[in-house]
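The exercises below are meant to be worked with the sequence and the coordinates open side by side. Try each task before reading its solution.

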Amino acid sequence: MSLRTPLSRVGALGAARKGTGHFWWQRMTGIAMLPLTVFLVRTGIVLAGADAATIATYFASPVNALLMIASAVIVLWHLQQGLQVVVEDYIQNFGIKIVTTILILFFCIGMAGLLTAYTIKLSIGG
């Protein structure tokens with residue numbers, strides 16, 4: 001018999017002992033995407049119909065390059081977290097759930113790496 005209350009035994013953690021952190025990271029990436037979305041829309045408007053030289057010049061600015069890299073990483077991180085929740089909630093087969101979660105993670109990491117590398121290449125004049 002324990003003298004601890006049920007609430008103290010739970011300790012604000014879910015059954016997997018990581019649900020609260022996942023929940024907050026999902027919210028933080030969502031909040032971070034708000035100003036970055038403004039940047040992405042502005043970039044789309046400014047560069048609409050631009051040639052390759054103009055795009056390279058735009059990303060030669062360190063601020064624009066860093067904001068684009070931050071946008072790519074945060075959007076893909078948010079995507080991975082959201083898709084992980086969908087997979088955990090709706091796929092019942094454990095093996096398929098694990099494989100799908102790993103594929104989503106690798107896809108998001110790969111895309112973030114590609115977008116980061118391409119932005120760096122543009123920013124240094126490649």
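**Exercise 1.** Which helix gives the largest share of the nonpolar patch?

*Solution.* The model is a predicted one, and the patch can be listed before its source is assigned. Step one is to collect its members, which are F23, W24, W25, M28, I31, L34 and W77, with about 760 Å² of accessible area together on the surface. Step two is to assign them to helices: the largest share, 6 residues, comes from helix α2, which covers residues 19-47, and I31 is one of the residues found in helix α2.

**Exercise 2.** Decide whether V75 counts as buried, partly exposed or exposed, and find the separation between its C-alpha atom and that of A32.

*Solution.* Begin with the location, since V75 is found in helix α4, residues 62-90. The relative accessibility of V75 is 36%, and because buried means under 20% and exposed over 50%, V75 counts as partly exposed. For the second part, the C-alpha atoms of V75 and A32 are separated by 8.9 Å, although the two residues are 43 residues apart along the chain.

**Exercise 3.** Identify the residues of the largest nonpolar core and the contacts that M68 makes.

*Solution.* The largest nonpolar core has 6 residues in all, namely F39, L47, Y58, F59, M68 and L122. Helices α2 and α3, the latter spanning 52-59, each supply at least two residues of this core. Taking M68 next and leaving aside its neighbours within four places in sequence, one finds contacts with F39, L40, T43, F59 and T119. Apart from this core lies another, of 5 residues, among them L76, V87, I104 and C108.

**Exercise 4.** Test whether the span of helix α5 agrees with its number of residues, then list its buried residues and say what covers them.

*Solution.* Helix α5 runs over residues 94-123 and has 30 residues, so at 1.5 Å a residue it should span 44 Å; its end C-alpha atoms are 43 Å apart, which agrees. The buried residues in α5 are K97, T101, I104, C108, A112, T116, T119 and L122. In reading that list, recall that an α-helix has 3.6 residues a turn, so residues three or four places apart point the same way. The cover over the buried residues of α5 includes α3 and α4.

**Exercise 5.** Is Q80 buried or exposed, and which residues does it touch?

*Solution.* Q80 is found in helix α4. Its relative accessible area is 10%, so Q80 is buried. Not counting residues up to four places away in sequence, Q80 touches I104, L105 and C108, and of these I104 and C108 are among the buried residues of α5.

Conventions: Residues numbered from 1 in each chain as written. Predicted model: local features only at pLDDT ≥ 70, side-chain atom pairs only at ≥ 80, totals over all residues. Heavy atoms only, no water. Patch = residues over 30% accessible without salt bridge, like charges linked within 9 Å, V, L, I, M, F, W, Y side chains within 5 Å. Areas by Shrake-Rupley, 256 points an atom, 1.4 Å probe, with all protein chains shown as cover. Salt bridge = Lys/Arg side-chain N within 4 Å of Asp/Glu carboxyl O. Helix = DSSP H or I, 4+ residues; strand = E, 2+ residues; numbered from the N terminus. Buried < 20%, exposed > 50% of the residue type's maximum accessible area, 1.4 Å probe, protein only. Core = buried A, V, L, I, M, F, W, Y, C linked by side-chain atoms within 4.5 Å. Contact = heavy atoms within 4.5 Å. Expected span 1.5 Å × (residues − 1).
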